[in-house]
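Hello,

Here is the structure I promised to pass on to you. Please open it beside this message, and my notes follow right below.

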Amino acid sequence: MHTIDISSLDLHRPVNGQFQIQPLPYDKTMLTPAISGETLSYHHDKHYAGYVNKLNELFDNDEFQTFKGLSLEEIILNAPQSVLTNQAGQILNHELYFEQFLSPDYASEPSSALADAIINQYGSIDSFKSEFENKGVALFGSGWVWLSSDADGTLYITQEKDASNPISKGLRPLLTFDVWEHAYYLDYQNRRASHLDALWSILNWRLINTRYIH
Ligand code: MN
């Protein structure tokens, strides 16, 4: 595997040392029934916003001041594993997650080089979706299932525990489903598989394509 160069990523940087809460790019009711407005209110306004506020507070702590001003990616890759890297990881994970859903220029299927790579490696788009969903369902506890690519464009489906992100494996993050219970429990209770299956209907593959072809 040829690991990516971090400088090829679109780095998530703070403004004057403070990370900003990014607004959702769609109305909270638009993702129903895959994700209800109530779930988005908690998930974005409470969980995600909480990670941003907590990270900004941590920079006041002497042991973390040296990391103030760095991008989320640089904190994740350079700071010792700690509450700091957990907050930075969760902010990056959630920003990549929330922005990948419906938008006015939404595309329901992958195209061009990404579609070719998926079919090449997984046989078909449907068999890719099955494998991706199965890895999400099988992830024990809290975490994320990711589609990523290496520097050669080879694809990887990985399970990331808790706040982890595939950049720590040298991979470019493309697509993710959040399998923490806060992402689906209000709407689907214990039926994680049903929730993951519903997410395909709101996924904006046009955006995923732009992450792959950079
Ligand atoms: Mn979440």
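Lysine 129 counts as buried, because its relative accessibility is 13% and the cut-off for buried is under 20%. You will find this lysine in helix 5, which covers residues 125–138. Which residues does lysine 129 touch, once its neighbours within four places in sequence are left aside? The contacts of lysine 129 are then with Glu109 and Trp200. Please keep in mind as you read on that this is a predicted model.

Now a contrast a little further along the chain. Phenylalanine 140 sits in the loop between helix 5 and strand 1. Is phenylalanine 140 buried or exposed? With a relative accessibility of 73%, phenylalanine 140 counts as exposed, since exposed means over 50%. If you want to place this residue against another part of the chain, try leucine 102: the two are 38 residues apart in sequence, and their C-alpha atoms are 28 Å apart in space.

Next, the overall picture. The protein chain has eight helices and three strands. Read from the N terminus, the order of elements is α-α-α-α-α-β-β-β-α-α-α. The radius of gyration is 17 Å, close to the 17 Å that the globule rule gives for 214 residues, so the chain is as compact as a globular protein of that length. Along its principal axes, the C-alpha trace spans about 50 × 40 × 35 Å.

A few totals for the protein chain may help you too:

- Of its 214 residues, 52% count as buried.
- Take the contacts between residues at least 6 apart in sequence: 69% of these join residues at least 24 apart.
- The accessible surface comes to about 9,800 Å², and carbon and sulfur atoms account for 50% of that.
- There are 14 positive and 27 negative charges, and the mean positions of the two sets are 2 Å apart.

The strands deserve a look of their own. Strand 1 (residues 143–149) and strand 3 run antiparallel, and six bridges join them. One place to see this pairing is tryptophan 144, which stands opposite aspartate 178 in strand 3. How many residues of strand 3 (residues 172–178) are buried? Seven of its seven residues are, which leaves this strand mostly covered.

Finally, some backbone details to check on your screen. The peptide bond from threonine 32 to proline 33 is cis, and its omega is near 5°. Proline 33 belongs to the segment before helix 1 (37–58).

Asparagine 16 also lies in the segment before helix 1. Its phi is positive, at about 50°, although asparagine 16 is not a glycine. The relative accessible area of asparagine 16 is 74%, so this residue is exposed.

Glutamine 189 is another non-glycine residue with a positive phi, again of about 50°. Where does glutamine 189 sit? Its place is in the loop between helix 6 (185–188) and helix 7 (192–199). Glutamine 189 counts as partly exposed, because its relative accessibility is 32% and that class lies between the cut-offs of 20% and 50%.

Happy exploring, and best wishes

Technical notes. Residues are numbered from 1 along each chain as its sequence is written. This is a predicted model: local features need pLDDT of at least 70, side-chain atom pairs count only at pLDDT 80 or more; totals for chains, interfaces and linings use all residues. Side-chain values use heavy atoms; hydrogens and water are left out. Buried means under 20% relative accessible area, exposed over 50%, partly exposed in between (1.4 Å probe, protein chains only). Helices (H or I, at least four residues) and strands (E, at least two) are DSSP runs, numbered from the N terminus. Two strands pair if DSSP finds at least two bridges between them. The radius of gyration is taken over C-alpha atoms; the globule rule is 2.2 Å times the number of residues to the power 0.38. Contact means heavy atoms within 4.5 Å. Accessible areas come from the Shrake-Rupley method with a 1.4 Å probe; for residues, only the protein chains shown count as cover. Lys and Arg count as positive and Asp and Glu as negative; His and the chain ends are not counted. The place of a charge is taken as NZ of Lys, CZ of Arg, CG of Asp or CD of Glu.
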